[in-house]
Amino acid sequence: MSITTSADGTEICFSTTGAGPVVVIVNGALSTGADAAPLARALAEEGFRAVTWDRRARGDSGDRAGSTPEDEAADLAAVISAVGGADAVLGHSSGAVLALYAASRDVATGALFLSEPPIDFDGVGFGDELPERLQAHVDSGRPDEAVAAFQLDAVGLPAEMVRAGRESGQLAALAPLGQSAVYDARLTLRLRQPADGLLTVDQAVTVLRGEQTFPFLVAASDRLAGILPDARLVIVPESVMHRPDPVATARVVAESV
């Protein structure tokens, strides 16, 4: 594992796998770089150098109180710089939102691969108060409650599913990621009903989604692909219910980079 330093001094940990054109993976909510290892291996088998990393407040990376989406975009820029540049950035879920946001802020991402980005074009999702409510849980020493609230109000999981996660211990296992849930809520709010600058990025964009996934993600993915000037939509049948299939996803990247 290697370490780079973001613009605000936060240390960001990353790892690389394979050799070839560089693809930086950006994870979604409630995950660490280790969760992207199967995708990194699949990309390496396709002839890429895959980069996984812990977004701030996750895994071995650091954090700074009050971090913003701009800070997370700077984190991605720092990782890209540390590995000598990126030929592509592959983001999943909120990681896809971060990748697009970073590109709109002139981060040199190379080609963009955006997997099921949860962009709330119509502004009908959670309210502005959610990040503050999540932060209050974290500040009171209850990061597991921040995770539960994020799952309920941001992701939209049924209450019985969250309750089952609590009873099984899954919620407690995710508690160390409670602060990162605050940042994901801030990020997705920032990109609600996205402004023109976000939708006119110069990079080639591939939007990926599964055939069987949540209706909101189908609508958001298809709409984004239709709005961006140099974008295409690729449906990946092997990816089911917001879980990108590593081999099939790597194959899509290999066809374009």
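This is a short talk on a cavity, a helix and a buried glutamine in one structure.

Before anything else, note that the model is predicted.

I will start with the cavity. Searching the whole structure for cavities of 30 Å³ or more turns up one. The space inside the largest cavity comes to about 60 Å³. Which residues line the largest cavity? On the list are H92, S115, E116, L208, R209 and G210, and further along the chain V236, S239, H242, R243, P244 and T249. By type, the lining has six polar residues, three charged and three nonpolar.

T249 leads to the next topic, helix α10. This helix covers residues 246-254, and T249, which also belongs to the cavity lining, is one of its buried residues. The others listed as buried there are A248, A250, V252 and V253. What do the buried residues of α10 pack against? Their partners are the strands β3 (22-26), β5 (88-92), β6 (111-115), β7 (205-209) and β8 (231-235), together with the helix α1 (37-45). At the N-terminal end of α10, D245 acts as a cap. A side-chain oxygen of D245 sits 3.3 Å from the backbone nitrogen of V247.

Last, the glutamine. Q151 belongs to helix α5, residues 143-155. Is Q151 buried or exposed? Its relative accessibility is 10%, and buried means under 20%, so Q151 counts as buried. Leaving aside residues up to four places away in sequence, Q151 touches L30, G156, L157, V162, L171 and L174.

That is the end of the talk.

Methods. Residues are numbered from 1 along each chain as its sequence is written. This is a predicted model: local features need pLDDT of at least 70, side-chain atom pairs count only at pLDDT 80 or more; totals for chains, interfaces and linings use all residues. Side-chain values use heavy atoms; hydrogens and water are left out. On a 1 Å grid over the protein atoms alone, a cavity is a set of points where a 1.4 Å probe fits but cannot get out, and a pocket is an open set with protein on both sides within 12 Å along at least five of seven lines; lining residues have an atom within 4 Å of a point. Grid points are joined across faces, edges and corners, and a volume is the space filled by probe spheres set on the points. Ala, Val, Leu, Ile, Met, Phe, Trp, Tyr, Cys and Pro count as nonpolar, Asp, Glu, Lys and Arg as charged, and the others, Gly among them, as polar. Buried means under 20% relative accessible area, exposed over 50%, partly exposed in between (1.4 Å probe, protein chains only). Helices (H or I, at least four residues) and strands (E, at least two) are DSSP runs, numbered from the N terminus. Contact means heavy atoms within 4.5 Å. A polar contact is a pair of N or O atoms within 3.5 Å; within protein, one must be able to donate a hydrogen and the other to accept it, and residues adjacent in sequence count only if both atoms are side-chain atoms.
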